[in-house]
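Colleague: I should like a close look at one part of this model, namely a pair of packed helices and the charged side chains around them. Please set that part in the context of the rest of the chain.

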Amino acid sequence: MHREINPRQEGESRRFYELDSLRGVAALTVVLHHFSRLFPDRVMHLVLRTPLRILFAGHQAVILFFLLSGFVLTLPYKKKNRLDYGPFLLKRVCRIYLPYLGALALAILGDRYLPPFHTDDFWINGTWSQPVSSPLVIQHILFLGNYDWSQFNTAFWSLVYEMRISLVFPLIALAVLRLRSLWLIFIAAALSAACFPLVDLFSGVWHLCTRVTAVDTMLTLHYAAFFIIGSLLAKNLHAVNRWYARLTLFQVAAVALISLSLYCFGNASSLFQRTVIPQDLFDWLVAVGAVMFIVFAINNRFFHSFLTSRAIHYLGERSYSLYLIHGTILFALIHTLYGRLRIDLLLLLYLAISLVVTEIFYRLIERPSMLLGRRLTAPATPHPSATLLPIASDSPK
């Protein structure tokens with residue numbers, strides 16, 4: 001029998017600081033993933049065949065983000081029996097959308113004022129390659145239309161799905177808490193699987209919509225499935241923790257190895273390049289590994305201690321700011337220093353500037369936005385002279 005974290009910590013009322021840190025580590029892999037596009041192909045081809053692949057697992061990190069969002073956002077609903085949609089949405093807008101607008105402004109300034117840079121690399125050419133236009137800015141603000149989300153910041157794509165799914169997440173959470181787990185897994189799998197035939201259907205009959213728009217819209221169903229799985233994990237957290245407690249040390253090591261392999265290589269091209277299965281469906285293998293990362297973060301003493309160390313938790317607190325601004329920093333360096341500075345020195349400069357700007361962005365934009373959301377959704381305090389019946393506060397922490 002194996003148990004590493006005090007069972008008292010299982011309660012959903014506590015703050016899962018280790019999961020904040022896990023998000024920070026994942027955000028750092030996105031930062032490295034985008035810089036790796038500057039490395040020679042032959043180098044990355046070798047690196048991605050080794051366990052070092054986890055350092056550059058950018059897409060896998062986004063799947064982990066969606067699972068973490070589903071998990072964390074469900075916890076308050078386990079203690080409530082009603083749907084407070086307005087406060088939830090207002091707090092979510094302040095948490096996700098307002099910092100996004102700040103990062104969008106920085107990206108637009110970079111696109112507008114930094115010198116143009118042309119290369120044969122299609123990925124580099126996908127960002128800051130066109131003049132800033134009012135329609136494109138408006139589309140980025142409203143998340144509407146068939147627009148090029150990579151033109152300003154290559155990392156913005158996942159925020160489109162995050163905000164779309166947030167609009168309906170309270171309904172998802174309530175459904176998860178009321179339905180059987182097997183039904184929920186079936187629903188999540190059905191949403192994901194239905195996404196791809198629906199793309200073909202809508203791109204064929206909806207003539208006002210291009211295939212790109214159909215893919216973008218229907219992938220929302222695919223990514224919503226991972227919110228459901230994260231929510232389901234929160235619902236069954238006690239049972240999952242008890243399952244982990246029964247594992248032997250050998251079983252823990254085996255589960256850790258399998259989880260790491262699935263996370264790193266679950267959607268590797270070698271697995272699906274000769275199949276007719278859509279590539280995105282292999283995200284499910286990644287999700288299995290990512291779910292176990294969450295379980296290990298909560299239960300495994302060594303992983304938990306690593307994630308709650310001061311440096312890692314510092315990164316976790318600022319993970320969203322890092323995710324939002326690192327693409328702008330990267331392309332600012334590409335447009336000014338790429339080809340003029342050794343690639344290793346450019347990487348060190350990229351990491352240093354990203355951390356400094358992240359701290360500034362967190363203090364000036366992200367943290368004030370979060371505090372604004374809390375103030376706007378805080379329960380009103382009755383005047384001392386007022387005579388009111390006492391009611392229990394059900395606002396989430």
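Modeller: The model is predicted, and I begin with a residue that belongs to the charged groups you ask about. Glu317 is partly exposed, because its relative accessibility is 35%. Glu317 forms a salt bridge with Arg318, and the closest N and O atoms of this pair lie 3.1 Å apart. Arg318, in contrast to a residue in the partly exposed class, is buried, with a relative accessible area of 9%.

Arg318 has a further partner. Glu359 also forms a salt bridge with Arg318, with 2.5 Å between the closest N and O atoms. Glu359 belongs to helix 17, whereas Arg318 sits in the loop between helix 15 (310-317) and helix 16, so this pair ties together parts that are 41 residues apart in sequence. Both Glu359 and Arg318 are buried. Taken further, the pairing becomes a network of salt bridges that links Glu317, Arg318, Glu359 and Arg363. In general terms, side chains of opposite charge can pair when their charged atoms come close.

The loop that holds Arg318 leads to helix 16, and helix 16 is one half of the helix pair. Two packed helices are described by the angle between their axes and the distance between the axes. For helix 4 (residues 85-113) and helix 16 (residues 319-337), the axes come within 9 Å and cross at roughly 20°. An angle under 35 degrees counts as roughly parallel, and helix 4 and helix 16 are therefore roughly parallel to each other. The crossing in which helix 4 passes helix 16 is right-handed. On the side of helix 4, the contact is made by Arg95, Ile96, Pro99, Tyr100, Ala103, Leu106 and Ala107; on the side of helix 16, by Tyr320, Leu324, Ile325 and Thr328. By class, the residues of this contact divide into 9 nonpolar, 1 polar and 1 charged.

Arg95, one of the helix 4 residues in that contact, also takes part in a salt bridge. Its side chain meets that of Glu366, with an N to O distance of 2.9 Å. Glu366 lies in helix 17 (residues 343-377) and Arg95 in helix 4, so the pair ties together parts that are 271 residues apart in sequence. The two partners fall in separate accessibility classes: Glu366 counts as buried at 0% relative accessibility, while Arg95 is partly exposed, with a relative accessible area of 24%. Helix 4 thus has a contact with helix 16 and, through Arg95, a salt bridge to Glu366 of helix 17. Over the model, the count comes to 6 salt bridges.

A second helix pair may be set beside this one. The axes of helix 10 (residues 237-245) and helix 13 (residues 283-299) come within 11 Å and cross at roughly 75°. That angle makes helix 10 roughly perpendicular to helix 13. Leu237, Val240, Asn241, Trp243 and Tyr244 of helix 10 make the contact with Met292, Val295, Phe296, Ile298 and Asn299 of helix 13. This contact of helix 10 with helix 13 has 8 nonpolar, 2 polar and no charged residues, whereas the contact of helix 4 with helix 16 includes 1 charged residue.

Some individual residues complete the surroundings. Leu73, in helix 3 (residues 58-74), counts as buried at 15% relative accessibility. Leaving aside residues up to four places away in sequence, Leu73 touches Phe88, Arg92 and Phe169. The C-alpha atoms of Leu73 and Gly230 are separated by 9.1 Å, although these residues are 157 residues apart along the chain. Asp20, in helix 1, counts as buried at 17% relative accessibility. With residues up to four places away in sequence again excluded, Asp20 touches Arg15, His313 and Gly316. Thr29 has its place in helix 1 (residues 17-36) as well and is buried, with a relative accessible area of 10%. On the same basis of counting, Thr29 touches Ile54, Leu55, Phe56, Ala57, Gly58 and Ala61.

As for the whole protein, there are 17 helices and 0 strands. Of its 397 residues, 47% count as buried. Among contacts with a separation of 6 or more, 79% are between residues 24 or more positions apart.

Methods. Residues numbered from 1 in each chain as written. Predicted model: local features only at pLDDT ≥ 70, side-chain atom pairs only at ≥ 80, totals over all residues. Heavy atoms only, no water. Axes fitted to C-alpha atoms, helices over the stretch in contact; angles between N-to-C directions. Helix = DSSP H or I, 4+ residues; strand = E, 2+ residues; numbered from the N terminus. Parallel < 35°, antiparallel > 145°, perpendicular 65-115°, else oblique. Left-handed = near helix turned anticlockwise from the far one by under 90°. Contact = heavy atoms within 4.5 Å. Nonpolar A, V, L, I, M, F, W, Y, C, P; charged D, E, K, R; others polar. Salt bridge = Lys/Arg side-chain N within 4 Å of Asp/Glu carboxyl O. Buried < 20%, exposed > 50% of the residue type's maximum accessible area, 1.4 Å probe, protein only.
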